[in-house]
Amino acid sequence: MDWSRHLKLKHISLLIHLNESKSLSKTANAFYTTQPALSRWLKELEQDVGGVLFERKARGLQVTLLGELLLEHAIRIQAEIERAQENISAAKNGSGRTIAIGTSPASAPSFVPTAIAKFLKLHPQASVRVQESTMNILLSQLARGDLDVVVGRLDNYQPSSKFRNEHLYSENICIVSRPGHPLTQKKTLYWDDLLMFDWIVWPDGSPIRRKFDASLTLAGQKPPTYRVESSSQVANLWLLQHSNMLSVASEEVANHFKRRGLMEPLNIDVAGDDGSVGMCWRDEVVDDKAVEALLECFRKASCSLNED
């Protein structure tokens, strides 16, 4: 029996809610059914699938490996349905498709907006939704189908069978401060000068943080005093403006804010190879023309950046 033919959209939502609530009773209440009926449906589904999806534990339901596999597809299907509803509503209102882009702060200031502007010029009926976060969060959302493309640093990206990825341009990191910081007056800087100040750093595990940690290791230095750990570009910029703290940024971000008088790259080389900024998208069987057009806009924007 092909059990997948009997699955309905409601069943997809039931599976996801069961995993989130860990409770048959809570899920039954949420979907206006009874616990015995829900339990019976789950048992029949497990029999059709040929394995246990949830184990009954004292603390509630615990998804099995087989259940995780099915849930991964269920979450993806739900996200695709929601995106379909969004695009159909837009089409009814005379608008085009909505493309969802995830970007890390390293590529957000000018590169991503430049590519978006190119895309919207070519597709005047389309709309774009942009979400900024750390790469690990963005890639999870890409896997779920919440995003179409993710752009950011790929320094510690691990290749996945779910995604395709492409390098766009190379970029190093630099140490930054507010304009007028005492260290901006020095022609020659050493690590000892930098370690005298407090620091704002990106979260542990983020590509730019790992790049900075590797640079410290190559320079034979201990970590400075990390007073703030933040993935918010806006918060980090404000803190730099109102203190003598230092931070680390990609060259594009540093130059972007330097031109606006908001940030100053310090005159010290950061050891290590150039980092990689690139894009990731799902490896779909059916080509998506809108996504392909957006990818091409990112490629053209990176060519212009490399020429500059």
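Tyr32 counts as exposed because its relative accessibility is 78%, and the cut-off for that class is over 50%. In this predicted model, Tyr32 sits in the loop between α2 and α3 (35-49), where its phi is positive, at about 55 degrees, although the residue is not a glycine. Lys22 likewise is not a glycine and has a positive phi, of about 60 degrees; its place is the loop between α1 (9-21) and α2 (24-30). Lys22 counts as partly exposed because its relative accessibility is 32%, which lies in between the limits of under 20% for buried and over 50% for exposed. A positive phi also occurs at Gly220, just after α8, with a value of about 70 degrees.

The phi values and places of these residues are set out below.

| Residue | Phi | Place |
|---|---|---|
| Lys22 | about 60 degrees | loop between α1 and α2 |
| Tyr32 | about 55 degrees | loop between α2 and α3 |
| Gly220 | about 70 degrees | just after α8 |

As for the overall division of the chain, domain 1 covers 3-73, domain 2 is made of 96-171 + 275-304, and domain 3 covers 173-265. Taken over C-alpha atoms, the centres of domain 1 and domain 2 are separated by 34 Å.

The description now turns to an open sheet of 5 strands, in which the order is β9-β8-β10-β7-β11 and the pairing is mixed. The edge strands, each of which pairs on one side only, are β9 (225-229) and β11 (264-265). Strand β8 (residues 198-201) pairs with β9 in the parallel sense, over 4 bridges, and Asp198 has Thr225 of β9 as its bridge partner. Across β7 (173-177), β8, β9 and β10 (246-250) lies helix α9 (residues 233-241), which runs at about 165 degrees to β8.

Helix α8 (residues 207-218) has 12 residues, and the distance from its first C-alpha to its last is 17 Å, close to the 16 Å expected at 1.5 Å a residue. Which residues of α8 are buried? They are Pro207, Ile208, Arg209, Lys211, Phe212, Ser215 and Leu216, so that each has under 20% relative accessible area. In reading such a list, it helps to recall that an α-helix has 3.6 residues a turn, so residues three or four places apart point the same way. The buried set in α8 includes Ile208, Lys211, Phe212 and Ser215, and the chain passes to Gly220, with its positive phi, just after this helix.

Notes. Residues numbered from 1 in each chain as written. Predicted model: local features only at pLDDT ≥ 70, side-chain atom pairs only at ≥ 80, totals over all residues. Heavy atoms only, no water. Pairing = 2+ DSSP bridges. Helix = DSSP H or I, 4+ residues; strand = E, 2+ residues; numbered from the N terminus. Contact = heavy atoms within 4.5 Å. Axes fitted to C-alpha atoms, helices over the stretch in contact; angles between N-to-C directions. Expected span 1.5 Å × (residues − 1). Buried < 20%, exposed > 50% of the residue type's maximum accessible area, 1.4 Å probe, protein only. Domains from an automatic or database assignment.
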